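Here is a walk through one protein model, written for someone who would rather be at the bench. Have a look at the fold first, and then we'll go through its parts.

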Amino acid sequence: MVKLLADYVNNPKQFEDVGITVPKFDQEKASQAGRQQPVWVHFGGGNLFRCFHAAIAQRLLNTGALKAGVIVAETYDAAVINQMYQPYHNRFLRVVMTNEQPYDRELVASVADSLALTPTDKESWNRLKAAFTQASLQLVTFSITEKGYGLTDLAGQLIPAAKADISQGPGHPQTNMGILAALLYARYQNGQAPLALVSTDNFSQNGQKLEDGMLTIAQGWLQQQLVPQEFVAYLQDRTKITFPWSMIDRITPNPAESVAQYLAAHDFEDTQILHTAKRTNIAPFGNTEAAHYLVLEDDFPNGRPDLTQAGVILTDRATVNLADQMKVTACLNPLHTALAIFGCLLGYQSIAAEVADQDLLALIKHLGYQEDLPAVVSPKIIDPKQFIDELITKRLPNPNIPDTPQRIATDTSQKMAVRYGVTLTHYAKADPDELAKLTAIPLIIAGWCRYLMGLDDHGETVTLSPDPLLADLQPLLAPIQLGTTDVDVVHNSLQPILSNPAFFGHDLYALGLGETIEKNFMAMISGPGAVRETLHAAIAL
Ligand SMILES: NC(=O)c1ccc[n+]([C@@H]2O[C@H](COP(=O)([O-])OP(=O)(O)OC[C@H]3O[C@@H](n4cnc5c(N)ncnc54)[C@H](O)[C@@H]3O)[C@@H](O)[C@H]2O)c1
Ligand SMILES: O=P(O)(O)OC[C@@H](O)[C@@H](O)[C@H](O)[C@H](O)CO
């Protein structure tokens with residue numbers, strides 16, 4: 001059995017003998033370089049980072065295109081750092097779930113330092129701040145989930161933490177945007193070196209949202225005269241600070257028991273999965289798929305490593321935007337969220353099993369090909385139709401990818417606007433008559449409302465995936481039971497959700513879809529088994 005912490009530099013054979021590839025660099029040296037002359041900081045050291053960004057850094061360290069390891073910062077879940085990074089000296093094993101075994105396994109050692117930013121840990125804050133003052137720093141990437149960028153509530157008002165960040169100035173930030181603005185203030189005060197800030201979270205125009213969020217805090221400080229005008233000018237000077245947009249795609253499920261067992265059977269010792277109190281699932285290993293796309297706007301004012309050596313596509317903003325719209329709003333994530341909602345309702349634990357269900361397959365095909373694809377403008381670097389074909393015929397059905405509808409259902413309230421609202425906007429602008437012909441999108445939205453009831457299709461209670469708005473949304477559905485036939489009760493419950501543009505980017509009644517969704521919902525609550533019946537009747541081809 002080989003352990004994650006075994007000495008791969010002096011004895012690589014112990015890894016190679018069990019089929020694990022080792023780094024071609026010395027972790028100690030890369031870590032030292034990362035701490036002394038940092039090049040790359042990443043916020044959100046979850047599974048996507050470990051399986052994708054860290055692997056890119058590892059490729060570049062292997063070839064010498066990068067000398068310094070990545071510094072990882074966690075603002076949300078300190079347990080990730082304290083229990084999964086530091087005890088393993090920031091190493092992990094990356095497992096690529098190819099269609100056939102053996103899986104590709106690689107010891108990843110490209111993380112130089114890992115920092116949990118908590119209000120009491122001054123040392124970590126100072127280390128991160130020091131990294132931000134270094135001119136060597138070229139890029140900061142983020143995979144902090146959609147909600148990590150939020151500063152406003154459902155009514156569009158600043159949340160208390162954002163108000164506190166603005167009133168208290170750069171000394172005590174709480175929100176991610178406040179933390180970033182404070183770190184950039186330190187950079188401004190120490191030489192004003194340039195920097196690229198790259199969101200790699202799953203939503204359209206992610207760089208714009210990062211920029212807007214960070215500037216909301218910085219401009220608040222300026223209004224309170226807590227920072228000079230020159231600081232805000234520095235943030236808005238495109239030769240200094242940029243917010244490249246990105247499209248990122250690699251299905252990276254939570255670490256799975258089946259993979260832990262595979263690793264144990266293949267002589268790897270560290271397989272214990274951690275489920276933190278904040279519901280992050282993380283392990284000494286990460287499991288991901290083979291297919292991957294990272295498309296970045298090439299706008300790095302302080303230079304960048306040669307990311308193309310690791311397969312990253314660098315292009316202009318317009319192309320990134322089209323690629324991202326293709327993936328996040330049409331050809332992948334909307335299909336995923338549909339499988340998440342109906343998978344949880346129908347009792348599935350596996351995405352691969354779901355796409356073997358003819359009703360669900362018909363649903364995602366109808367959504368993808370009939371309703372989403374017509375709204376897509378091809379980014380040309382990737383063909384949208386081939387992209388969906390690959391997804392539906394190769395990626396989703398791969399039984400070795402241990403993905404679950406429950407993972408994908410996480411934070412659905414944060415995602416509906418991007419995953420369905422952008423397509424609705426397309427139809428509303430291009431051809432409003434088409435809105436009335438949509439079947440899959442209204443059905444999925446009704447399915448989400450049905451999911452929020454917290455009952456599966458048998459009428460049994462199900463534990464819903466974490467979502468920051470569950471406590472607001474579930475009480476709205478409380479007056480409804482399976483068997484409720486009163487259309488007014490249903491309308492009163494659904495209306496505040498369907499009419500709120502914060503969820504879908506639109507008042508769905510104004511688009512003429514509210515009533516259809518209510519009807520779909522009524523059908524799905526008529527009794528046990530009604531979700532399946534409604535789905536089958538609506539979408540069967
Ligand atoms: N996993 C995938 O298949 C995949 C693929 C493409 C893009 N993404 C994007 O990456 C994000 C993270 O995915 P993951 O697989 O790493 O998830 P994960 O659950 O493994 O990790 C989530 C990370 O985000 C942090 N986080 C959660 N809420 C936060 C908050 N409010 N503020 C700051 N940090 C927060 C967690 O502490 C953790 O480090 C997704 O939300 C998505 O936008 C994921
Ligand atoms: O990561 P989220 O929470 O935005 O969405 C869940 C999945 O749809 C997502 O992680 C996909 O696996 C990913 O977007 C594939 O590239």
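How many residues of domain 1 are in contact with how many residues of domain 2? The count is 38 residues of domain 1 against 42 residues of domain 2, with contact meaning heavy atoms within 4.5 Å.

Before going further, some ground rules. This is a predicted model, where local features need pLDDT of at least 70 and side-chain atom pairs count only at pLDDT 80 or more, while totals for chains, interfaces and linings use all residues; side-chain values use heavy atoms, with hydrogens and water left out. Residues are numbered from 1 along each chain as its sequence is written, and chains are lettered from A and ligands numbered from 1 in the order in which they are written.

**The two domains**

The domain assignment gives domain 1 as 13-315 and domain 2 as 317-539; such bounds come from an automatic or database assignment. Taken over C-alpha atoms, the domain centres are 29 Å apart. Between them the two domains bury about 3200 Å², and 58% of that is on carbon and sulfur atoms. Buried area here is the accessible area (1.4 Å probe) that two parts lose on being put together, summed over both. On the domain 1 side, Leu154, Met247 and Ile251 lose the most area to domain 2, together 20% of what that side buries.

There's polar chemistry across this interface too. The rule finds five salt bridges between domain 1 and domain 2, a salt bridge being a side-chain nitrogen of Lys or Arg within 4 Å of a carboxyl oxygen of Asp or Glu. It also finds 12 residue pairs in polar contact, both partners at pLDDT 80 or more. A polar contact is a pair of N or O atoms within 3.5 Å; within protein, one must be able to donate a hydrogen and the other to accept it, and residues adjacent in sequence count only if both atoms are side-chain atoms.

Which elements supply at least two residues each to the side of domain 1 that touches domain 2? They are strand S10 (246-249), helix H10 (257-265), strand S14 (293-297) and strand S15 (313-315). Helices (H or I, at least four residues) and strands (E, at least two) are DSSP runs, numbered from the N terminus.

**Salt bridges in the whole structure**

Searching the whole structure turns up 19 salt bridges. One pairs arginine 532 with aspartate 357, at 2.7 Å from N to O. That pair links distant parts of the chain, 175 residues apart: arginine 532 sits in helix H23 (residues 530-539), and aspartate 357 in the loop between helix H13 (351-354) and helix H14 (358-372). Arginine 419 and glutamate 146 also meet through their side chains in a salt bridge, 3.6 Å from N to O.

**The two ligands**

Ligand 1 is surrounded by 23 residues, the closest being Asn47, Glu74, Asn176, Asp201 and Thr252. To be counted, a residue needs a heavy atom within 4 Å. Ligand 2 has 13 residues around it, and the closest are Glu146, Asp249, Lys327, His336 and Lys415. Here are some of the polar distances.

| Ligand atom | Protein partner | Distance |
|---|---|---|
| Ligand 1, oxygen | leucine 48, polar backbone atom | 2.9 Å |
| Ligand 1, oxygen | glutamate 74, side-chain N or O | 2.2 Å |
| Ligand 1, nitrogen | lysine 147, side-chain N or O | 3.4 Å |
| Ligand 2, oxygen | asparagine 333, side-chain N or O | 2.9 Å |
| Ligand 2, oxygen | arginine 407, polar side-chain atom | 2.8 Å |
| Ligand 2, oxygen | lysine 415, polar side-chain atom | 2.8 Å |

**Backbone oddities**

Most residues other than glycine have a negative phi, and most peptide bonds are trans. Glutamine 101 and proline 102, though, are joined by a cis peptide bond, with omega about 0 degrees. Proline 102 is in the loop between strand S4 (92-96) and strand S5 (104-108). Histidine 89 has a positive phi, near 50 degrees, and is found in the loop between helix H4 (78-85) and S4.
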